[in-house]
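Here is a short set of exercises to work through at your own pace. Try each task on the model first, then read the solution beneath.

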Amino acid sequence: MTETARAGTTVAEVTAELAALEDPKTRAVNERHGDDHGVNLGRLRAIAKRLKTRQDLAEGLWATGDSAARLLALLICRPKAFGRDEMDAMLREARTPKVHDWLVNYVVRKSPHAEELRVTWFADPDPVVASAGWALTTERVAKRPDGLDLAGLLDNVEAEMKDAPPRLQWAMNHCLAQIGIEHPEHRARAIAIGERLEVLKDYPTSPGCTSPFAPVWIDEMVRRRAES
């Protein structure tokens, strides 16, 4: 990151505004999910809407290391302004789930370096980094599957998902479900893998929400599409 705006009053003003929005109850809820900030995301998005795109400010906010500031940075940055190595370093710094997810979804996916990073991260020995590679792969499964070895991905899921660390397991399970939803020729095998591994089978699901258990997820999404 550059030094631009790192020590400037604008960064100080914004971080002070975020600090004033800190709510202990929100922090307690977030901490149960592995996050470490107490700012309501609706209010954070309202600040981003007011600030609009500000790459210099985004870089300064990211450099603070504060999770709320980093989330705001990801909303006001220009994704194409980051280099490949810069995004790789940012991901390895983004250890809380929300910052990690927003970085992948709001920045990396919009970058011209997304495919290169997908391949690099997919094979990374760090399971948190690898989960980003799987998340980018899941997007390709749904939108740009040409060139992907879907059968090979199912092989990986079958061999590794059961014992994978939580974030990586979640990302692999999403990919498994997406393959079953989007690709009828692989649907029976995807469902069979999910049934055999039973990953997230007992995950608590609120009324009206779809279970993340892959066989249920696949069946429900296919049913909805058939009825639409």
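The exercises below cover a pocket, backbone angles, cysteines and salt bridges.

This is a predicted model, in which local features need pLDDT of at least 70 and side-chain atom pairs count only at pLDDT 80 or more, while totals for chains, interfaces and linings use all residues. Residues are numbered from 1 along each chain as its sequence is written, and side-chain values use heavy atoms, with hydrogens and water left out.

**Exercise 1. Describe the largest pocket and its lining.**

Step 1: Fix the terms. On a 1 Å grid over the protein atoms alone, a pocket is an open set of points where a 1.4 Å probe fits, with protein on both sides within 12 Å along at least five of seven lines; lining residues have an atom within 4 Å of a point. Grid points are joined across faces, edges and corners, and the volume is the space filled by probe spheres set on them.

Step 2: Take the volume. The largest pocket holds about 810 Å³ of space.

Step 3: Go to the lining. It has 22 residues, and P97, D101, R167, W170 and A171 are the closest to the pocket centre. Helix 7 (97-107), helix 9 (127-143) and helix 11 (166-182) are the elements that each give two or more residues. Helices here are DSSP runs of H or I with at least four residues, numbered from the N terminus.

Step 4: Sort by class. The lining has 10 nonpolar, seven polar and five charged residues. Ala, Val, Leu, Ile, Met, Phe, Trp, Tyr, Cys and Pro count as nonpolar, Asp, Glu, Lys and Arg as charged, and the others, Gly among them, as polar.

**Exercise 2. Place K52, a non-glycine residue with positive phi, and say whether it is buried or exposed.**

Step 1: K52 has a phi of about 65° and sits in the loop between helix 3 (41-51) and helix 4 (55-63).

Step 2: Apply the accessibility classes: buried is under 20% relative accessible area, exposed over 50%, and partly exposed in between (1.4 Å probe, protein chains only). At 59%, K52 is exposed.

Step 3: Now try L200, which is not a glycine either and has a positive phi of about 65°. L200 belongs to the loop between helix 12 (187-197) and helix 13 (214-227), and at 17% it is buried.

**Exercise 3. How many disulfides does the structure hold?**

Step 1: Recall that a disulfide is a covalent bond between the sulfur atoms of two cysteines. The test here is a pair of cysteine sulfur atoms within 2.5 Å.

Step 2: The count is zero. As for accessibility, C175 is buried at 0%, whereas C209 is partly exposed at 49%.

**Exercise 4. Count the salt bridges and examine the pairs R95 with D126 and E139 with R109.**

Step 1: With a salt bridge taken as a side-chain nitrogen of Lys or Arg within 4 Å of a carboxyl oxygen of Asp or Glu, the count is 23.

Step 2: R95 and D126 meet at 3.4 Å, N to O. R95 lies in the loop between helix 6 (84-93) and helix 7, and D126 in the loop between helix 8 (114-122) and helix 9, so this pair ties together parts 31 residues apart in sequence.

Step 3: E139 and R109 have their closest N and O atoms 3.6 Å apart. E139 is in helix 9 and R109 in the loop between helix 7 and helix 8, so parts 30 residues apart in sequence are tied together. E139 is buried at 15%, while R109 is partly exposed at 30%.
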